[in-house]
Amino acid sequence: MALAAALYILTGLGVTVGFHRLFTHRAFKAKRALRVTLAVAGSMSVQGSVIAWVADHRRHHAYADREGDPHSPWRFGTSAAALARGFWHAHMGCLFARDRTNIKRFAPDLLGDRDIRVVDRLFPLLTITTLLLPALLGGVITLSWWGALTAFFWAGLVRMALLHHVTWSVNSICHMIGDRPFASRDKSANFWPLALLSFGESWHNSHHADPTGARHGVGRGQLDVSARLIWLFEKLRWASHVRWPKPERLARKQTDPDSSPA
Ligand SMILES: [Zn+2]
Ligand SMILES: [Zn+2]
């Protein structure tokens with residue numbers, strides 16, 4: 001269980017801080033070792049190779065909830081049946097669609113980065129590692145095959161499945177249910193129950209209102225572990241040029257004056 005939690009946190013933050021805030025939105029600049037580490041950690045979530053993930057997510061922002069969005073729950077209409085179908089599509093159905101994002105168009109910067117290209121190519125190897133590593137550690141720690149097997153199950157398979165569902169929930173639930181304190185062209189929403197497990201990514205309406213911001217939980221008391229980690233990286237001087245949210249900018253986009261940004 002401890003292994004499962006540790007790997008959930010490592011790979012989850014690899015996705016939120018690395019794949020999402022650093023590589024997709026360039027919310028900060030990171031030193032080379034940190035960039036590579038975040039790319040590797042994110043790849044170990046098995047949500048696709050880093051460049052493909054970034055290209056898909058940039059396309060999501062470019063077309064959010066309109067035609068061209070790779071995963072909008074509103075794709076099929078607004079009736080109950082259409083929304084049920086749309087929820088499934090946004091949550092995980094889109095993975096099986098034959099709809100490939102043009103990487104040259106959406107992620108030319110990463111294609112031009114040698115380090116990131118190497119990590120991208122190592123994706124199959126990192127997928128094997130993320131599943132075999134817990135089995136190996138479980139076996140070594142308990143000195144038993146049973147320990148290897150249970151660690152493989154909980155810290156390998158279950159951990160990976162849980163993080164997948166949390167990430168997919170940001171694509172599905174956070175474009176359907178929740179608060180919308182900021183004006184935005186799409187249906188993104190802030191869904192507080194997922195804030196902890198998603199490391200702050202479920203403040204999704206705030207994110208669509210200010211995509212390049214390093215902190216998504218911009219309201220008072222809105223938990224955002226990813227932003228805390230970026231803050232720590234900045235203090236350690238591993239990260240620089242961090243785009244912290246600007247209150248004036250946020251105030252301009254606000255629809256509900258009661259939920260003032262902290
Ligand atoms: Zn979104
Ligand atoms: Zn985003």
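In the predicted model, D224 is buried, with a relative accessible area of 6%. This residue is placed in the loop between α10 and α11. When residues up to four places away in sequence are set aside, D224 touches R21, F199, G200, R215, H216 and G217. The C-alpha atoms of D224 and W203 are separated by 8.4 Å, the two residues being 21 apart along the chain.

F199, one of the residues touched by D224, belongs to the loop between α9 and α10. F199 is likewise buried, because its relative accessible area of 7% falls under the 20% limit. The phi angle of F199 is near 55 degrees, which is a positive value in a residue other than glycine. A positive phi, near 50 degrees, is also found at H241, again a residue other than glycine. H241 lies in the loop between β2 (239–240) and α12 (247–253) and is exposed, with a relative accessible area of 58%.

R21, another residue touched by D224, takes part in the packing of two helices. Helix α1 (residues 2–24) packs against helix α11 (residues 225–235) at an angle of about 70 degrees, and their axes are 10 Å apart. The two helices are therefore roughly perpendicular to each other, since the angle of about 70 degrees falls in the range from 65 to 115 degrees. On the α1 side the contact is formed by L13, T16, V17 and R21, which meet V225, S226, A227, L229, I230 and F233 of α11. By class, seven nonpolar, two polar and one charged residues make up this contact.

The model also holds a zinc ion (ligand 1) whose protein donors are the NE2 atoms of H60, H175, H204 and H208, at 2.0 to 2.1 Å from the ion. The site is irregular, with angles of 97 to 151 degrees among the four donor atoms; it does not count as tetrahedral because that would require all angles to lie between 85 and 135 degrees. Along the sequence, the donor residues follow the spacing H-x114-H-x28-H-x3-H. Distant parts of the chain are linked by the pair H175 and H208, which are 33 residues apart: H175 is in the loop between α9 (145–172) and α10 (204–209), and H208 is in helix α10. Both residues are buried, H175 with a relative accessible area of 0% and H208 with one of 8%.

H60, a further donor to this ion, lies in helix α3 and counts as buried at 0% relative accessibility. Leaving aside neighbours within four places in sequence, H60 is in contact with D69, P70, H71, H175, H204 and H208. Of these contacts, H71 is eleven residues from H60 in sequence, and the C-alpha to C-alpha distance of the pair is 7.0 Å.

A zinc ion (ligand 2) has as protein donors the NE2 atoms of H20, H25, H57, H61 and H207, which lie 2.0 to 2.1 Å from it. The spacing of these donors along the chain is H-x4-H-x31-H-x3-H-x145-H. H57 is located in helix α3 (residues 50–63) and H207 in helix α10, so the pair ties together parts that are 150 residues apart in sequence. H57 is buried, with a relative accessible area of 7%, and H207 is buried as well, with a value of 0%.

Note on methods: Residues are numbered from 1 along each chain as its sequence is written. Chains are lettered from A and ligands numbered from 1 in the order in which they are written. This is a predicted model: local features need pLDDT of at least 70, side-chain atom pairs count only at pLDDT 80 or more; totals for chains, interfaces and linings use all residues. Side-chain values use heavy atoms; hydrogens and water are left out. Donors are N, O and S atoms within 2.8 Å of the metal (3.2 Å for Na, K and Ca); water is not among the atoms, so sites may look incomplete. Four donors count as tetrahedral if all angles lie between 85 and 135 degrees; four count as square planar and six as octahedral if opposite donors are over 155 degrees apart and all others between 65 and 115; anything else is irregular. Helices (H or I, at least four residues) and strands (E, at least two) are DSSP runs, numbered from the N terminus. Buried means under 20% relative accessible area, exposed over 50%, partly exposed in between (1.4 Å probe, protein chains only). Axes are lines fitted to C-alpha atoms, for helices over the stretch in contact, and angles run from 0 to 180 degrees between N-to-C directions. Angles under 35 degrees count as roughly parallel, over 145 as roughly antiparallel, 65 to 115 as roughly perpendicular and the rest as oblique. Contact means heavy atoms within 4.5 Å. Ala, Val, Leu, Ile, Met, Phe, Trp, Tyr, Cys and Pro count as nonpolar, Asp, Glu, Lys and Arg as charged, and the others, Gly among them, as polar.
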